[in-house]
Amino acid sequence: MRYTKPAWVMHKDSSKSDQDTKRLSIFSIHVHPDGSRIATGGLDAKVRIWSTKPILNSASEESGRPPKSLCTLSMHTGPVLTVRWAHSGRWLASGSDDEIIMIWDLDPSGRGKVFGSSEVNVEAWKPLKRLPGHESDVTDIAWAPEDRYLASVGLDSKVIVWCGYTLERIRKLDQHNGFVKGVCFDPVGEFMATQSDDKSVKIWRTTDWELEAEIRKPFEDSPGSTFFRRLSWSPDGAHITASNATNNRGFVFIAAVITRGLWTSEISLVGHENTIEVASYNPHIFLRNPNGSLVTSNISSVVALGADDRSVSIWQTKFARPLIVAREVFERQIMDLSWSRDGLTLYAASSDGTIAVFDFDPDELNGIASFSAQQQYLQKFGFVPPPIPEGYSHGSFYGDDNISPSRITPPPSPQLRPTGQPSQSVSHPQTGFGSSPVNGGEQINRLVAKKSNKKRVQPVLMSDIPSASTPDNITNSASNRAPSSVSGQLQRQINGATLAFAPPDSRFSAPKSRHPSHSASPALSMRGFDADVEMGGPLDMDVPIDTIETSPSNTNGVKRKASVIDSDDRPTRTRTLGGDLPRTIIDTRVIDRKKQDIQGDLLPIPPILTFLGTSVDDGEDVLEGRNSSEEGPSEVQFVSRRQTQWLDYLSSPIIASTATSLFCAVATQDGSVSIYSLTGRRIMPTIMLDAPCAIIHGCKSSLLLITTSGQLSSINVKSQTAYFSPPSIRSLLKSTDSKVLTATVRPNGAPILQLSTGVTYTYDARLFQWTKLSDRWWSEGSDLWQGRQRITKDVVASIENAITSSTNEQSVHTERPQWWSTALTFGHLESKMHAARALDSPTEYKQALLLYARKVAEEGFRSKAEELIKDLFGPVYWNPLRTEESWSPTVVGMAKRDLLREVLSVFAKSKTLTKLALDWQDIFKKASSEEPS
């Protein structure tokens, strides 16, 4: 085995200079099916694609051929938490904490300098489709066998299944009660598995997407503080290895092996000293006896584990002990693992911003079986997958025995098959560029644009299409590698990890590639019959980099062709209100009309503009307001895909508007508010306020209105009711320099008002009072104030960021009393828990609760610990039918006793509260066992 850590694979902080480069965390890594490139996702909100040849071959690294960095993709607006290549190698999927999944496709003409950076893209990948749907961070994604489905999971506790061909959403599964942090598919295609912070692994049937089984036992005492719970399914379909499991009441960290069919975990992989974040199976099955038959008793699997103890272990199911344990490979925890398609190279990524590569010789992983043998074995399950959507095909897959060795990497996008053409691909010899046609070459029917409205079909020989040839010096067989001798190995100590290294040239006697490269099949693409992708690579490059030109000019001049459709075949545009009106662009300017300012108004009336535009949940749909420069009616338009879907006319000038995925609202100068559905239907009567609306904001089904006189209304548009009687914000603006900086509303109707005084308020409908969410005061001494953090979706953290950003005062060091920092830290955390509860943010409530428990344990305050335990535990024999009971078993949608388990785990690890925690753990178990069913 050879081990390396390429220092040049990194995600950089763009705000730093090259001399002061700071590594940012890498959250995900995945190998392209042909093994020529890897994709990584990191804290810099970018997806980066790297060549693997310089990683595996020192001579290639020194020569710079092929280039190390191939492409940087920067469409995400938040850290990229997961990247996964499709099994066909045609698409790359990435998920981010911006709640979006991006599907990337190869763009042969898009290479060049990265906008706003000195980096250069050797090859280019363009965004093919943007998949919104999650309401929080996307933590993991997985492609089903043959890319039939794409599954995504996130911190919104949802699992979304997409069609792997059309990329349309199929199903949204919401049966998890905690953050979902891992997903994988059964290699047979019959099941999907997801793992969540609700301490369960759920098995779903792919036939109807209903729940097949739920496994909880190995995860009952697992900690909830891990970044991921990435699980993996064995290539023989027999087992799932799930991360973040424990034995012995949570004191032994294990990976749980779940058996198919029984859905129980009787096997544990024990040895790591901290939580296991990720499990990843080698894609090949292994034969215990290479000369034996293909039966269950002769099959084993290899799985790799990555943990928070900074170590990687590799296990084979026929042995009780791991094959390899690499300790302290990284400085921080391991985030992701990925095996190459040939099963001989393991890539690991860490939050310290580095990756590690473990490269094996074929004789070190003895008994590796071919993919055809694996497919033959999987047929015993007798599962028949659903039919492919009509007209679509992903073509051949890496590992298929019928792939031509002349195919380039990566292939083009999945094609839409013209009617009458077979779905299977036909391999033919190719002669490269400028060569004469091969006799009997395959003919492809291609639509060519003509001036007439008739379809014309032009036959094109397969060999006439530009393609990349495989270099003569590339050897495709991985088994031809010369095994390194023991005497030739070097012992090297890196970060405390003693690993075997071979001499740099022992692996590559000649440049070679483990997998055949794949050719472009010129067919009609999914999106509107775009065809003829120009792809090629210089013959002197060992790894095919497909977007480098092979010659200074392209004499073929092949370009994308537009299709011509008969007028009778054109789809008719849906009739909409105002859809036939031409779209006009209006310059935004202030209209000079007399404002009806009233003396004593707290907030100013917004100016009347010629144009107002509000996007729907930051998407492409836009709600527009157009005011006439003269005394005419004002116009409301809803625009989707550059077409007006509906319009309306109002008698008073429009001064403010908001739009969500459920409704649109428009406020006018006369104090009225009109509320529409997304189809333009007025779903509520026109609301008349006591004064013109100064601030309007919407979130999900909640609408916030604040008038110039200071009256605040929070309305549930879906139920057409008010969350509470309208209070006034006048009491919050007593100071002359107090101003409302921002005003928003949460999905539960709670308003959030940030003032210039450094205090943020909400209205508590139960107390009928304004309450503080956060205060600049806590930043003076709290050890856990989250000021000036990166952009986050967490609402309370965002409030603290906003307070810090609005503070212009320079901190002056003054003498503080004893216990100052401790007192303010406790006060800050207690206030933060109340804020998270008021704003219905379970993530932050749990986070603040555990931080509070750690602080109590650190200080050894037993009375605070006992009070917290009793509040979460409640009455020993609590009966929900007794209405006089004031204790509630849940908080922010989470069971208090589930939270208590984690709090007791924190106390049990402290030096002063261990006995208290153990006593309450015993009480907790007795109460649980004696509860009436």
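This note goes through the fold, cores, sheets, aromatic contacts and backbone oddities of a predicted model.

1. **Ground rules.** The model is predicted, so local features need pLDDT of at least 70, side-chain atom pairs count only at pLDDT 80 or more, and totals for chains, interfaces and linings use all residues. Residues are numbered from 1 along each chain as its sequence is written, and side-chain values use heavy atoms, with hydrogens and water left out.

2. **Overall make-up.** The protein has nine helices and 60 strands. Both are DSSP runs, numbered from the N terminus: helices are H or I with at least four residues, strands are E with at least two. Of the 933 residues, 53% count as buried. Buried means under 20% relative accessible area, exposed means over 50%, and partly exposed lies in between (1.4 Å probe, protein chains only). Take the contacts with a separation of 6 or more: residues 24 or more positions apart account for 56% of them. A contact here means heavy atoms within 4.5 Å.

3. **The largest core.** The largest nonpolar core holds 46 residues. Such a core is a set of buried Ala, Val, Leu, Ile, Met, Phe, Trp, Tyr and Cys residues joined through side-chain atoms within 4.5 Å. L839, Y845, L849, V903 and F907 have the most contacts inside this core. Two or more residues come from each of α4 (795-805), α5 (820-838), α6 (842-859), α7 (862-873), α8 (896-908) and α9 (914-930). α6 gives the most, with eight residues.

4. **L839 and a separate core.** Set aside the neighbours of L839 within four places in sequence. L839 then touches R746, N748, A750, I752, T762, L773, V795, V796 and I799. Apart from the largest core lies another, of 21 residues, with V278, L344, A356 and F358 among them.

5. **A four-stranded sheet.** One open sheet runs in the order β43-β44-β45-β46, with antiparallel pairing. Strands pair if DSSP finds at least two bridges between them. β43 (611-615) and β46 (643-650) are the edge strands; each has a single partner, so one side of each lacks a neighbour in the sheet. Neighbouring strands are turned by 15° against each other on average, direction ignored. That angle is taken between axes, which are lines fitted to C-alpha atoms (for helices over the stretch in contact), with angles from 0 to 180 degrees between N-to-C directions. Inside the sheet, β44 (622-626) and β45 (634-640) pair over five bridges. The bridge partner of G625 is V636 in β45.

6. **An enclosed strand.** Four of the five residues of β7 (69-73) are buried, so the strand is largely enclosed by the rest of the structure. Strand β6 (47-51) runs antiparallel to β7, joined by four bridges. I49 stands opposite C71 in β7.

7. **Aromatic pairs.** How many aromatic pairs does a search of the whole structure find? There are 20. Rings of Phe, Tyr and Trp (its six-membered ring) pair if their centres lie within 6.5 Å; planes under 30 degrees apart count as stacked, over 60 as edge-to-face and the rest as tilted. The ring centres of W777 and W820 are 5.4 Å apart, with planes at 80°, so this pair is edge-to-face. W777 sits in the loop between β58 (769-775) and α4, and W820 in helix α5, 43 residues apart. W777 is partly exposed at 43% relative accessibility, whereas W820 is buried at 16%.

8. **F826 and its surroundings.** The rings of F826 and Y852 are also edge-to-face, with centres 5.6 Å apart and planes at 85°. F826 lies in α5 and Y852 in α6, so the pair ties together parts 26 residues apart in sequence. Both residues are buried. They belong to one aromatic cluster with W819 and F861. The charged end of K864 sits over the ring of F826, 5.1 Å from its centre. This label requires NZ of Lys or CZ of Arg within 6 Å of the ring centre and within 35 degrees of the ring normal. Likewise, the charged end of R897 sits over the ring of F873, 4.4 Å from its centre.

9. **Backbone points to check.** The R65 to P66 peptide bond is cis, with omega near -5°. P66 is in the loop between α2 (58-63) and β7. W209 is not a glycine, yet has a positive phi of about 60°. W209 lies between β20 (200-205) and β21 (211-215), in the loop, and is buried at 5% relative accessible area. F768 also has a positive phi, near 55°. F768 lies in the loop between β57 (759-764) and β58 and is exposed, at 59%.
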